[in-house]
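User: Hi, I have a chain open on my screen and would like some help reading it. Could we go through it step by step?

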Amino acid sequence: MLNLKTCPRCKGDMQADRDVYGNFMRCLQCGHYIHLRDEQAIDHEKLLKAVRKAKDAA
Ligand SMILES: [Zn+2]
């Protein structure tokens, strides 16, 4: 799941994914990494829906 131009550092495209710690996003351009539970600036609900949707499609 790509989130275009959402990187807070470089305005690059971020990819949503999850690991054992939960959901996270990583910037494809600069490598900036956000763990969603630690980042209040992110719209969690919207992202979680997007992540679930991506998982369902996989
Ligand atoms: Zn970036």
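Analyst: Gladly, and one definition helps before we start: helices, with at least four residues, and strands, with at least two, are DSSP runs, numbered from the N terminus. Please keep in mind as well that this is a predicted model.

User: OK, so what pattern does the chain follow along the sequence?

Analyst: Read from start to end, the pattern is β-β-β-β-α, which comes to four strands and one helix in the secondary structure.

User: And in what order do the strands sit in the sheet?

Analyst: The four strands make an open sheet in the order β1-β2-β3-β4, and the pairing is antiparallel. Strands β1 (2-3) and β4 stand at the edges with a single partner strand each, so one side of each is left without a neighbour in the sheet.

User: What actually holds strands together in a sheet, in general?

Analyst: Strands of a sheet pair through backbone hydrogen bonds, and the pairing can be parallel or antiparallel.

User: Back to this one, then: how many bridges join β2 to β3?

Analyst: There are six bridges between β2, residues 14-19, and β3, residues 22-27, and the two strands run antiparallel. They form a hairpin with two residues between them, and one of the partnerships links Arg18 with Asn23 in β3.

User: What about β3 and β4, how many bridges there?

Analyst: Three bridges join β3 to β4, residues 33-35, again in an antiparallel arrangement. Phe24 has His35 in β4 as its bridge partner, while Met25 stands opposite Ile34 in β4. The hairpin of β3 and β4 has five residues between the strands, and within this hairpin Gly31 takes a positive phi near 85 degrees.

User: Changing topic, which residues make up the largest nonpolar core?

Analyst: That core has eight residues, namely Cys7, Met14, Ala16, Phe24, Met25, Cys27, Ile34 and Leu47. Strands β2 and β3 each supply at least two residues of the core, and β3 gives the most, with three residues.

User: Met14 is in that list, so what does it touch?

Analyst: Leaving aside residues up to four places away in sequence, Met14 touches Asn3, Thr6, Cys7, Met25, Arg26 and Cys27. Of these, Cys7, Met25 and Cys27 also belong to the core we just discussed.

User: Last one: what share of the chain counts as buried?

Analyst: Of the 58 residues, 16% count as buried. As for contacts between residues at least 6 apart in sequence, 19% join residues at least 24 apart.

Terms used: Residues numbered from 1 in each chain as written. Predicted model: local features only at pLDDT ≥ 70, side-chain atom pairs only at ≥ 80, totals over all residues. Pairing = 2+ DSSP bridges. Buried ≥ 20, exposed ≤ 12 C-beta atoms within 10 Å, placed from the backbone. Contact = placed C-beta atoms within 7 Å. Core = buried A, V, L, I, M, F, W, Y, C linked by C-beta atoms within 7 Å.
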